[in-house]
Amino acid sequence: MGEKTLRAAVVGCRMGAAHAKAIAQLPDYELVAVCDIDEGRAREVASELGIAKPFTSYEEMLRKVELDVVAIATPTAIHAEQTFMAIDAGVKGICCEKPMATNLADARRMVSLCQERKIALIVNHQRRMSKEMVVARKLIEQGVIGEVRLIRMNCGGDFLSDGTHAVDSALWLLGDPEIDWVFGQIELPDRPKTRYGHLVENSSIALFQTVNGERVEIFCGEARERHRAYQDYEVIGTKGRIWRIGDQPLPNLFIQDSKSGSWDAQVVNGILRPAPSEEGLWRPVEVELDEAIGAMKRSYALLAKMVLEGIEEVEHPLSAEKALRGFEVVMAVYESARLHKRVNLPLQQDKFPLDLMI
Ligand SMILES: NC(=O)c1ccc[n+]([C@@H]2O[C@H](COP(=O)([O-])OP(=O)(O)OC[C@H]3O[C@@H](n4cnc5c(N)ncnc54)[C@H](O)[C@@H]3O)[C@@H](O)[C@H]2O)c1
């Protein structure tokens with residue numbers, strides 16, 4: 001490649017501004033349009049990136065501009081609908097923001113339609129492409145901490161918007177295993193509350209188990225441990241531990257391996273983090289410094305390859321098939337809370353369980 005070959009557009013210009021920047025910096029793409037119902041926002045991104053005409057109607061943009069790739073970064077409640085519109089418009093690749101939809105029926109349809117029509121569909125769980133998560137996965141794969149028994153995760157926000165990142169990261173760290181069962185509990189607000197166009201809870205606790213017996217615990221929203229950073233992941237293996245202290249500046253990845261000793265940690269600037277000691281109980285893992293949109297750029301570069309070489313030829317860590325597995329876990333957490341039962345996968349409930357509860 002080397003020439004700008006794929007004509008791309010972005011809809012939703014807030015988080016979408018980062019997508020637009022990533023695309024604009026890559027030789028595989030030509031960013032030809034942006035769209036936001038907020039004209040000022042669309043104009044701002046367009047003028048920053050030198051695009052002639054910002055759109056305020058997605059339907060009009062799809063009709064008037066010939067596109068190969070669309071990035072969908074609008075509120076979650078319209079991801080599925082806008083994905084179906086892009087499919088109908090004949091695009092070859094779609095990057096949809098996470099979470100991919102608000103119910104399992106839509107998410108499954110997004111994946112099956114794209115498979116049928118050979119459209120490359122990825123979901124932007126960009127941590128899979130971040131330098132430290134790639135290193136963490138490699139260390140686990142190499143058996144440095146033995147067999148993983150438990151991943152304990154903390155994150156803020158609601159489970160659908162933010163828990164989805166934790167679930168996806170757990171699946172990434174474990175090598176995308178099948179999930180056996182899911183157990184969840186949520187705390188509802190006094191009055192219905194929405195975010196990104198869908199209902200949300202105040203706090204949630206999730207537990208799930210893979211078919212290999214690995215367990216994942218997630219504490220989300222107000223249930224997040226007080227000093228744990230957003231997206232704090234602790235991976236506990238039979239021979240050691242890996243700790244990613246959230247989306248914090250480097251060093252944010254630590255390891256405790258064969259050496260035994262006490263579990264040393266302290267609160268620094270309000271964040272619980274390992275206290276590396278002379279004995280090396282927690283050692284920082286060397287991770288290359290990355291630019292802010294580095295993970296997204298690598299993801300878009302791979303999406304371009306997928307579009308140009310074929311969806312069966314190129315495996316993408318952010319593929320919608322992988323995202324769908326995590327999305328099913330997210331929906332199962334709500335369904336378990338609704339039924340007060342542990343839920344086995346595959347999940348039967350294809351509506352958003354919170355809609356049924358409230
Ligand atoms: N991957 C990540 O790290 C990450 C981070 C933040 C947000 N997100 C996801 O990205 C999505 C957007 O998040 P946000 O924080 O930018 O949301 P936001 O609500 O702040 O912004 C959404 C933008 O979409 C525009 N919009 C709404 N409806 C539209 C329509 N029909 N057509 C065109 N534009 C429309 C809005 O005017 C707004 O500018 C959400 O699904 C969120 O979960 C992902």
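1. Two strands are said to pair here if DSSP finds at least two bridges between them, and the strands themselves (E, at least two residues), like the helices (H or I, at least four), are DSSP runs numbered from the N terminus. On that basis an open sheet of 9 strands has the order E17-E14-E13-E12-E6-E11-E10-E7-E18, with mixed pairing. Its edge strands are E17 (283-284) and E18 (343-344), each of which pairs on one side only.

2. The model is a predicted one, in which local features need pLDDT of at least 70 and side-chain atom pairs count only at pLDDT 80 or more, while totals for chains, interfaces and linings use all residues. Residues are numbered from 1 along each chain as its sequence is written.

3. Within the mixed sheet, strand E12 (residues 232-237) and strand E13 (residues 241-245) pair in the antiparallel sense over 5 bridges, and Val-235 has Ile-242 in E13 as its bridge partner. Helix H9 (residues 320-339) packs on this sheet, touching E7 (179-187), E10 and E18, and its direction makes about 50 degrees with that of E7; such angles run from 0 to 180 degrees between N-to-C directions, with axes fitted to C-alpha atoms, for helices over the stretch in contact.

4. Helix H7 lies across E6 (148-155), E10 (203-210), E11 (215-221) and E12, running at about 155 degrees to E6. The axes of H6 (residues 131-141) and H7 (residues 159-173) come within 9 Å and cross at roughly 40 degrees, which makes H6 oblique to H7 (under 35 degrees counts as roughly parallel, over 145 as roughly antiparallel, 65 to 115 as roughly perpendicular, and the rest as oblique). Met-133, Ala-136, Arg-137 and Ile-140 of H6 meet Ser-169, Trp-172 and Leu-173 of H7, contact requiring C-beta atoms, placed from the backbone, within 7 Å.

5. A separate paragraph is due to the parallel sheet, an open one whose 5 strands follow the order E2-E1-E3-E4-E5. Strands E2 (29-35) and E5 (120-123) stand at the edges with a single partner strand each, so one side of each is left without a neighbour in the sheet. Strand E4 (residues 93-96) pairs with E5 over 4 bridges, with Cys-95 opposite Ile-122 and Cys-96 opposite Val-123. Both faces of E5 are covered, since Ala-120 and Ile-122 on one side and Leu-121 and Val-123 on the other are all buried, that is, 20 or more other C-beta atoms, placed from the backbone, lie within 10 Å of their own (12 or fewer would be exposed, and in between partly exposed).

Key
Contact = placed C-beta atoms within 7 Å.
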